[in-house]
Amino acid sequence: QVQLVESGGGLVQPGGSLRLSCAASGSIFTIYAMGWYRQAPGKQRELVAAITSGGSTNYADSVKGRFTISRNNAKNTVYLQMNSLKPEDTAVYYCTADVLSSDGYEYDYWGQGTQVTVSS
């Protein structure tokens, strides 16, 4: 079993910044892609950003130039630096990881979510 623990959410004013972190632990052999999704009230969950084990990234158009995803493979941790935040970025942010487990099988795991609220 693998656990993803997120941190760093909170309340921030428009134009401000937050940094989310997500640490994976448990029966991990290696982690392939990691990413961040978000879900706003009344909306579908959407991909925000993703990063491969080699460092290739992709972003939703709505966050390009404002958000940066990165990871520390040695710590099994992924980060999301969010700058120039807008009220429409308000959502619950979820971390995901594509894990090759110690049992030889590949699984997708999700964190519990962390609330990000952008408001004055």
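Trainee: What makes the side chains of Arg38 and Glu46 a salt bridge?

Mentor: Bear in mind that this is a predicted model. In it, the side chains of Arg38 and Glu46 come to 2.7 Å, N to O. The cut-off is 4 Å between a side-chain nitrogen of Lys or Arg and a carboxyl oxygen of Asp or Glu, so the pair qualifies.

Trainee: Are Arg38 and Glu46 buried or exposed, and why?

Mentor: Arg38 has a relative accessible area of 6%. Buried means under 20%, so Arg38 is called buried. Glu46 has 33%, and partly exposed runs between 20% and 50%, so Glu46 is called partly exposed.

Trainee: Which salt bridge does Arg38 form with an Asp?

Mentor: Arg38 forms one with Asp89, where the closest N and O atoms are 3.0 Å apart. That is within 4 Å, so this pair passes too. Arg38 is in strand β4 and Asp89 is in the loop between β8 (77–82) and β9, 51 residues apart, so the pair links distant parts of the chain. Asp89 is buried, with a relative accessible area of 1%.

Trainee: Which residues are linked in a network of salt bridges?

Mentor: Arg38, Glu46, Arg66 and Asp89. The count of salt bridges comes to 4, and one of them joins Lys64 and Asp61 at 3.1 Å, N to O.

Trainee: Why is Asp61 called exposed, and why does Lys64 count as partly exposed?

Mentor: Exposed means over 50%, and Asp61 has 64% relative accessibility, so Asp61 counts as exposed. Lys64 has 49%, which is not over 50%, so Lys64 counts as partly exposed.

Trainee: On to the rings. Why is the pair of Tyr37 and Trp110 called tilted?

Mentor: The search of the whole structure finds 3 aromatic pairs. In this one the ring centres of Tyr37 and Trp110 are 5.0 Å apart and the planes are at 55°. Centres within 6.5 Å make a pair, and 55° is neither under 30 nor over 60 degrees, so the pair is tilted. Tyr37 lies in strand β4 (residues 28–39) and Trp110 in strand β10 (residues 106–110), so the pair ties together parts 73 residues apart in sequence. Both rings belong to partly exposed residues, with relative accessible areas of 26% for Tyr37 and 41% for Trp110.

Trainee: Why is the pair of Tyr94 and Trp110 edge-to-face?

Mentor: Their planes are at 75°, and over 60 degrees counts as edge-to-face, so that is the label. The centres are 6.4 Å apart, within the 6.5 Å limit, so the rings do pair. Tyr94 lies in strand β9 (residues 91–101) and Trp110 in strand β10, so here the joined parts are 16 residues apart in sequence. Tyr94 has a relative accessible area of 14%, so Tyr94 is buried. Tyr37, Tyr94 and Trp110 form one aromatic cluster.

Trainee: Where does the charged end of Arg45 sit?

Mentor: The charged end of Arg45 sits over the ring of Tyr94, 3.8 Å from its centre. Arg45 also lies over the face of Trp110, at 4.8 Å from the ring centre. The distance limit is 6 Å, so both rings meet that part of the rule.

Trainee: How do you know that Cys22 and Cys95 are joined by a disulfide?

Mentor: The S to S distance is 2.1 Å, and the cut-off is 2.5 Å, so the pair counts as a disulfide. The count comes to 1 disulfide. Cys22 lies in strand β3 (residues 18–26) and Cys95 in strand β9, so the pair ties together parts 73 residues apart in sequence. Cys22 and Cys95 are both buried.

Trainee: What makes the disulfide of Cys22 and Cys95 left-handed?

Mentor: The torsion about the S-S bond is about -80°, so this disulfide is left-handed.

Trainee: One last residue: why is Ser21 called buried?

Mentor: Ser21 has a relative accessible area of 17%, under the 20% limit, so Ser21 is buried. Ser21 is found in strand β3. Leaving aside residues up to four places away in sequence, Ser21 touches Val5, Glu6, Ser7, Trp36, Val78 and Tyr79.

Note on methods. Residues are numbered from 1 along each chain as its sequence is written. This is a predicted model: local features need pLDDT of at least 70, side-chain atom pairs count only at pLDDT 80 or more; totals for chains, interfaces and linings use all residues. Side-chain values use heavy atoms; hydrogens and water are left out. Rings of Phe, Tyr and Trp (its six-membered ring) pair if their centres lie within 6.5 Å; planes under 30 degrees apart count as stacked, over 60 as edge-to-face and the rest as tilted. Helices (H or I, at least four residues) and strands (E, at least two) are DSSP runs, numbered from the N terminus. Buried means under 20% relative accessible area, exposed over 50%, partly exposed in between (1.4 Å probe, protein chains only). A charge sits over a ring if NZ of Lys or CZ of Arg is within 6 Å of the ring centre and within 35 degrees of the ring normal. Contact means heavy atoms within 4.5 Å.
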